[in-house]
Amino acid sequence: DMPVALHALVIQLIAVALFSSWPFAASQRFRTEPWAWYASALAGPAWFLSLRRLFEWRFGDGAIGLLPLLLAAAALAGSVVTSNTSGIPIAALAGAQRTRRLWAESEPWQQSAFVWFLVVALGFVTVAIPLQLENEWITIGWALEGVAVTMLWRRYDHPGLKYFALGLLAGATARLVANPAVLGYYPRPSWRIVNWLAYTYL
């Protein structure tokens, strides 16, 4: 039933917005509570699979790439900003920008919270294109985010970023090299060279 799917989709999007914004609304209470900020950053990913199902139920999968972009846009600042310390333009989360104002630059929480929000944003942006392409979107999404998180680690030198990037890249490699079933997940393409197998392994 289409109206039911739309209502459920809207309710879940509201839930994501509430869980994402709650620590900021009560920032003094949660200023030193790490799990409050982790939960805030991970609200979008936690609901993503359910939101994807509802989105496809209501709108089909022709524009499914819009969903991760919508979730990223909900967290991203309205424009590309420039880091105060590096002068390098980066796409920054609205949440990440708020965390930079909540803590002084010298406080460890500032970088940790900032990085969590950036990684979530990168995850949604990097999964949008392969999800729209459909075939092997998980493998391609992991690989793209692994590269993006590596670049973020080079900038912020947060140890968690390094290990997360290595895990993502190792997972993508294992799916392509150690999992023979990967070739049977989808029908073989008719084109010999330019097809989803080629861009997945690339």
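A residue is taken as buried when its relative accessible area is under 20%, and as exposed when that area is over 50%, with partly exposed residues in between. The structure described here is a predicted model. By the burial cut-off, Val149 counts as buried because its relative accessibility is 0%. Across the protein, buried residues make up 39% of the 202 residues.

The protein contains nine helices and two strands. Along the sequence these elements follow the pattern α-α-α-α-β-β-α-α-α-α-α. Contacts that span long stretches of the chain are well represented: of the contacts between residues at least 6 apart in sequence, 57% join residues at least 24 apart.

The packing of helices α1 and α3 is considered next. Two packed helices are described by the angle between their axes and the distance between the axes. Helix α1 comprises residues 2-25 and helix α3 residues 34-59; the two pack at an angle of about 170°, and their axes lie 9 Å apart. Since angles over 145 degrees count as roughly antiparallel, α1 and α3 are therefore roughly antiparallel to each other. Sorted by class, the residues in the contact of α1 with α3 are 20 nonpolar, five polar and one charged. Pro3 is found in helix α1, and with a relative accessible area of 45% it is partly exposed. The C-alpha atom of Pro3 is separated by 8.0 Å from that of Arg58, although their positions lie 55 residues apart along the chain when counted as sequence separation.

The interior of the model includes more than one nonpolar core. In soluble globular proteins, nonpolar side chains tend to be buried together. The largest nonpolar core has 23 residues, and Phe48, Leu51, Leu71 and Phe124 are those with the most contacts inside it. Helices α1, α3, α4 (66-75) and α6 (108-133) each supply at least two residues of this core. Its largest share, eight residues, comes from α3. Leu51 illustrates how the core is joined: beyond its neighbours within four places in sequence, Leu51 is in contact with Leu9, Gln12, Leu13, Val16, Leu67 and Leu71.

A second core, separate from the largest one, has ten residues, including Val119, Val149, Ala165 and Leu168. Val149 is located in helix α7, which covers residues 137-156. When residues up to four places away in sequence are not counted, Val149 touches Val119, Leu161, Phe164, Ala165 and Leu168. The C-alpha atom of Val149 is also separated by 9.0 Å from that of Leu118, a residue 31 places away along the chain. Val147 lies in helix α7 as well, but Val147 is partly exposed, with a relative accessible area of 46%. From C-alpha to C-alpha, Val147 and Leu168 are 8.8 Å apart in space, while their separation in sequence is 21 residues.

Helix α8 (residues 159-177) contains Arg175. At a relative accessibility of 19%, Arg175 counts as buried, because the cut-off for burial is under 20%. The Arg175 side chain makes a polar contact of 2.6 Å with the side chain of Thr139.

Two loop residues complete the description. Gly62 is placed in the loop between α3 and α4, and its relative accessible area of 60% makes it exposed. Gly62 and Gln132 stand 70 residues apart in sequence, yet their C-alpha atoms are 7.6 Å apart in space. Asp157 occupies the loop between α7 and α8. With 56% relative accessibility, Asp157 counts as exposed. Most residues other than glycine have a negative phi. Asp157, although not a glycine, has a positive phi of about 55°.

Technical notes: Residues are numbered from 1 along each chain as its sequence is written. This is a predicted model: local features need pLDDT of at least 70, side-chain atom pairs count only at pLDDT 80 or more; totals for chains, interfaces and linings use all residues. Side-chain values use heavy atoms; hydrogens and water are left out. Axes are lines fitted to C-alpha atoms, for helices over the stretch in contact, and angles run from 0 to 180 degrees between N-to-C directions. Helices (H or I, at least four residues) and strands (E, at least two) are DSSP runs, numbered from the N terminus. Angles under 35 degrees count as roughly parallel, over 145 as roughly antiparallel, 65 to 115 as roughly perpendicular and the rest as oblique. Ala, Val, Leu, Ile, Met, Phe, Trp, Tyr, Cys and Pro count as nonpolar, Asp, Glu, Lys and Arg as charged, and the others, Gly among them, as polar. A nonpolar core is a set of buried Ala, Val, Leu, Ile, Met, Phe, Trp, Tyr and Cys residues joined through side-chain atoms within 4.5 Å. Buried means under 20% relative accessible area, exposed over 50%, partly exposed in between (1.4 Å probe, protein chains only). Contact means heavy atoms within 4.5 Å. A polar contact is a pair of N or O atoms within 3.5 Å; within protein, one must be able to donate a hydrogen and the other to accept it, and residues adjacent in sequence count only if both atoms are side-chain atoms.
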